[in-house]
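User: Please take a close look at the salt bridges in this structure. Which side chains do they join, and where do those residues lie?

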Amino acid sequence: MEMTLQLTIDCSDPRKMVTFWAEALDYVPEPPPGGHATWRAYWASMGVPEAELPAGAGDIPESIIDPAGRGPRVWFQHVPEPKVAKNRWHFDLKVGGGRDVPLDVRTQRVKATVERLVKAGATVLRTRHEPDMGLYAAAMQDPEGNEFDVV
């Protein structure tokens, strides 16, 4: 039996999250299937009752995909309640290249990614620069406050 993986992230603004995380992960918004103009039109063609679709649901892409087909689909599910606590999981965006890459090179790669993601709407929580441990990393938050690390 084949299994695929989808990561579902509850959020208040799927449009903002699709835009941010597509940039962060080098993903693309997932187009609606079968030539439908929107996901809402696709769901309607499948018989999903209008009463089950909140206003605006599916009018814009609410999921992102890896254009290379390696990573999981990420769906940003609109929920009414706000985030209230620290995540129990988070993404590590491993952009440095690993311990075989000199620390100064990894540091520059992390800094460049942090700068790009701040422009896209992220916030830096803290950085860790521990040369004796060969570490440079940044803890960040996405536009809705979900934590992630750039290493």
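Analyst: Helices (H or I, at least four residues) and strands (E, at least two) are runs assigned by DSSP and numbered from the N terminus. With that convention, glutamate 115 and lysine 119 can be placed together in helix H3, four residues apart, about one turn of the helix.

The model is a predicted one, in which local features need pLDDT of at least 70 and side-chain atom pairs count only at pLDDT 80 or more, while totals for chains, interfaces and linings use all residues. Residues are numbered from 1 along each chain as its sequence is written, and side-chain values use heavy atoms, with hydrogens and water left out.

A salt bridge is counted where a side-chain nitrogen of Lys or Arg lies within 4 Å of a carboxyl oxygen of Asp or Glu. Six salt bridges are found in a search of the whole structure. Three of these pairs are described here in turn.

The pair in helix H3 is one of them: the closest N and O atoms of glutamate 115 and lysine 119 are 3.5 Å apart. To describe how accessible each partner is, three classes are used: buried (under 20% relative accessible area), exposed (over 50%) and partly exposed (in between), computed with a 1.4 Å probe on protein chains only. Glutamate 115 counts as partly exposed because its relative accessibility is 48%. Lysine 119, at 67% relative accessibility, counts as exposed.

A second pair joins glutamate 30 to arginine 73, with the closest N and O atoms 2.5 Å apart. This salt bridge links distant parts of the chain, since its partners are 43 residues apart. Glutamate 30 belongs to the loop between strand S2 (28–29) and helix H2 (39–45), whereas arginine 73 belongs to strand S4 (residues 73–78). Glutamate 30 has a relative accessible area of 15%, and is therefore buried. Arginine 73 has a relative accessible area of 23%, so this residue is partly exposed.

A third salt bridge brings together the side chains of arginine 128 and glutamate 130, at 3.0 Å from N to O. Arginine 128 is partly exposed, with a relative accessible area of 40%. Glutamate 130 is placed in the partly exposed class as well, because its relative accessibility is 25%.

Thus the pairs described include one within helix H3 and one that links distant parts of the chain.
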